[in-house]
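Q: Pick one part of this fold and take me through it closely. I'd like the strands, what sits against them, and the side chains worth clicking on.

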Amino acid sequence: MRLSAGLLSSSRNTRHHLVWHAYSPRLAALCRRQTSSSTARNISPGPAIAGNVAAAGEQEWFSFAATAGASYQIETDLQTLDDTMVDLIDTDGHSLLVENDDDDRNPNTYASYIEWTCPASGTYYIMVQGYGSSTGTFGLTLTQGGAGGGGGAGSGDPCNGGITFQGGA
């Protein structure tokens, strides 16, 4: 986030006001969010699909059917795009559930990674864009783990060792 300050003055009275302006690429992206089920491309767990951010600020939208209790991994593979930001959007097509700028698993990449357990079955959305004015191509992989409850092996709880991912690269 960048902060800048400026002084404003009024000719009627000599009051001066300090005005702070904040700029965040993430906040700017949220303000520009545009989606509908008709503009999102479908993605299913399995091999990566290709995406392209052709212009600065452009967003690529994807939709997927998620099952309550199942865990999912959403991961970008950088190709000519050097830095991705990924948002996971709720079934309403607008509410932000999870966001990621840089994959914390690897400090040497600007790819994005989200691990998420679905709270309710439905169609969810993934929005991918370049950081700042970055443009280019990327791969997007959706991987689904187990479903269930109660913790333990096979429960779908990644914090309790109970997840096995299938498909995808």
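A: Let's begin with a term: a polar contact is a pair of N or O atoms within 3.5 Å, where within protein one must be able to donate a hydrogen and the other to accept it, and residues adjacent in sequence count only if both atoms are side-chain atoms. You'll need that for Ser112, where a polar atom of the side chain lies 3.5 Å from the backbone oxygen of Asn100. Before going on: this is a predicted model, with local features needing pLDDT of at least 70 and side-chain atom pairs pLDDT 80 or more, while totals for chains, interfaces and linings use all residues. Residues are numbered from 1 along each chain as its sequence is written, and side-chain values use heavy atoms, with hydrogens and water left out.

The chain holds one helix and eleven strands (DSSP runs, numbered from the N terminus: H or I of at least four residues for a helix, E of at least two for a strand). Read from the N terminus, the elements go β-β-α-β-β-β-β-β-β-β-β-β. Of its 169 residues, 37% are buried (under 20% relative accessible area with a 1.4 Å probe, protein chains only; over 50% is exposed, in between is partly exposed). If you take contacts (heavy atoms within 4.5 Å) between residues at least 6 apart in sequence, 66% of them join residues at least 24 apart.

The part I'd zoom in on is an open sheet of five strands with mixed pairing, in the order β3-β5-β10-β7-β8 (strands pair if DSSP finds at least two bridges between them). The edges belong to β3 (41-42) and β8 (96-100); each has a single partner strand, so one side of each has no neighbour in the sheet. At the β3 end, two bridges hold β3 and β5 together, and these strands run parallel. Asn42 has Ser63 in β5 as its bridge partner.

Over on the other side, follow β7. It pairs with β10 in the antiparallel sense over six bridges, and Met85 stands opposite Gln129 in β10. It also pairs with β8, again antiparallel, over four bridges, with Val86 opposite Asn100 in β8. Those two strands, β7 and β8, make a hairpin with six residues between them, and Gly93 in the turn has a positive phi of about 80°.

How covered is β7? Strand β7 (residues 84-89) has six of its six residues buried. In a regular strand the side chains alternate between the two faces of the sheet. You can see the two sets in β7: Thr84, Val86 and Leu88 point one way, Met85, Asp87 and Ile89 the other, and all are buried.

That brings us back to Ser112, in the loop between β8 and β9 (113-117). Ser112 has a relative accessible area of 0%, so it counts as buried. Leaving aside neighbours within four places in sequence, its contacts include Thr84, Met85 and Val86, plus Ile74, Glu75 and Thr76. Asn100 is on that list too, along with Asp101 and Asp103.

Next, click on Phe64, which lies in β5. It is buried, at 1% relative accessible area. Beyond neighbours within four places in sequence, Phe64 is in contact with residues including Asn42, Ile43, Leu88, Leu142 and the run from Gly122 to Ile126. Its C-alpha atom is 8.6 Å from that of Pro45, 19 residues away along the chain.

Rings are part of the picture here. Rings of Phe, Tyr and Trp (its six-membered ring) pair if their centres lie within 6.5 Å; planes under 30 degrees apart are stacked, over 60 edge-to-face, the rest tilted. That rule gives six aromatic pairs. One of them is Phe64 with Tyr124, a tilted pair at 6.3 Å centre to centre and 35° between the planes. Phe64 sits in β5 (residues 59-66) and Tyr124 in β10 (residues 122-130), so the pair ties together parts 60 residues apart in sequence. Both of these residues, Phe64 and Tyr124, are buried. Ring pairs also bring in Tyr72 and Trp116, giving a cluster with Phe64 and Tyr124.

One last polar stop is Gln73, in strand β6 (residues 71-78). At 15% relative accessibility, Gln73 is buried, and its side chain makes a polar contact of 2.4 Å with that of Tyr113.
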